[in-house]
Every structure is written in structure tokens, then in C-alpha cells.
Amino acid sequence: MEIGDALRFERLQLGLTQKQMCGDILTRPYYAKVEACKNSITAENLFRILLAHDIDIMEFFNLIRNTYEPKENNIENELKDKLREAFSSKDIENMKKYYKEILNSGTNNVLKLRVVVSIAYLENNLDKLDTKIKQRIKKNLMKEKTGLYDLIY
């Protein structure tokens with residue numbers, strides 16, 4: 001969803017007219033073109049509109065994320081979603097299948113480690129993790145300054 005589409009979505013959710021939505025921040029004709037994705041909007045004006053209507057910035061960001069994020073990130077995020085679902089349902093076979101996809105996609109090493117640890121956890125084999133993998137986990141924990149939970153998901 002583009003920024004204009006997301007603004008229209010939020011405006012309709014709030015039951016506002018275009019004039020009410022843009023207020024004194026933009027002219028209504030200019031704002032109409034922003035919603036139609038024919039004009040761009042500055043970050044400052046976008047934030048002013050969102051804040052004026054108490055629209056959660058992170059929710060708005062999530063509406064537009066896939067449109068503006070690099071394709072590689074979209075693939076990685078889709079894999080993360082699949083992994084979360086497989087992990088939650090303790091579906092080891094799909095975890096292994098997604099691991100192969102991750103290896104082929106060249107995604108980041110932390111994600112690869114997450115899957116290895118997740119599969120070992122589901123198979124009750126955390127104590128049998130290879131020493132090299134344990135060293136990589138420790139290195140990434142220190143480098144990323146993240147907790148084990150974040151490393152796994």
C-alpha cells in the first residue's frame with residue numbers, strides 16, 4: 001500500500017473528509033492528489049497529519065512497509081512469519097523446509113542461527129548443538145547486543 005492509499009484508509013477509518021484530514025497542513029486539492037498517489041508528501045507534513053489525528057505511526061508504517069521495503073527484506077519477513085507459525089505449531093518438518101529456503105535465499109546469518117536453535121529446541125536437542133554453532137550464537141549475541149529470545153525470534 002502506498003502512502004496515499006494508507007492515508008485514505010486511515011481517513012475513512014476515522015470518518016473524516018479530505019479537508020478535515022489535511023486541516024491547515026496542506027490544501028485540500030493537494031492532499032487529494034497525495035491520496036491519489038499523484039503528489040508526494042514531505043515526512044514533516046505526513047507526521048503532522050498523523051499526529052493531528054492520533055494515528056499510530058507504527059501501524060501506519062506497517063501499512064506501507066511492503067511497498068517501500070527492499071524486495072530482499074520482504075522475502076526475509078515472509079520467511080520469518082512462516083517460521084514463527086511453524087515454531088508455534090511445533091511443525092519441525094516445515095521448520096526444516098524453511099531452513100533450506102533460508103540457506104538458498106542468502107538471508108542474514110542471525111536468521112539461520114534462529115532456525116538451527118529453534119529446530120534443536122523443538123527436537124529437544126539444544127544440548128547437542130555443534131560447538132561451532134554455539135560460538136556463532138555467542139558472537140552474534142555480543143555483536144547484536146540482543147537476548148536469546150530475540151535471537152530465536
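This report walks through the salt bridges in a predicted model.

## Ground rules

Local features here need pLDDT of at least 70 and side-chain atom pairs count only at pLDDT 80 or more, while totals for chains, interfaces and linings use all residues. Residues are numbered from 1 along each chain as its sequence is written, and side-chain values use heavy atoms, with hydrogens and water left out.

A salt bridge means a side-chain nitrogen of Lys or Arg within 4 Å of a carboxyl oxygen of Asp or Glu. Count them that way and you get six.

## Pairs inside one helix

Start with helix H1, residues 3–14 (helices are DSSP runs of H or I, at least four residues, numbered from the N terminus). Arginine 8 and aspartate 5 sit there three residues apart, about one turn of the helix, and their side chains form a salt bridge at 3.4 Å, N to O. Asp5 and Arg8 also belong to a salt-bridge network that takes in Arg11 and Glu35.

Helix H6 (residues 71–88) holds aspartate 81 and arginine 84, again three residues apart. The closest N and O atoms of this salt bridge are 3.1 Å apart. Aspartate 81 is partly exposed at 48% relative accessible area, and so is arginine 84 at 35% (partly exposed lies between buried, under 20%, and exposed, over 50%, using a 1.4 Å probe and protein chains only).

## A link across the sequence

Lysine 96 and glutamate 123 pair up at 3.0 Å, N to O. Lysine 96 is in helix H7 (residues 92–105) and glutamate 123 is in the loop between helix H8 (109–122) and helix H9 (131–144), so this salt bridge ties together parts 27 residues apart in sequence. Lysine 96 is partly exposed at 34% relative accessibility, as is glutamate 123 at 31%.

Conventions: Helices (H or I, at least four residues) and strands (E, at least two) are DSSP runs, numbered from the N terminus.
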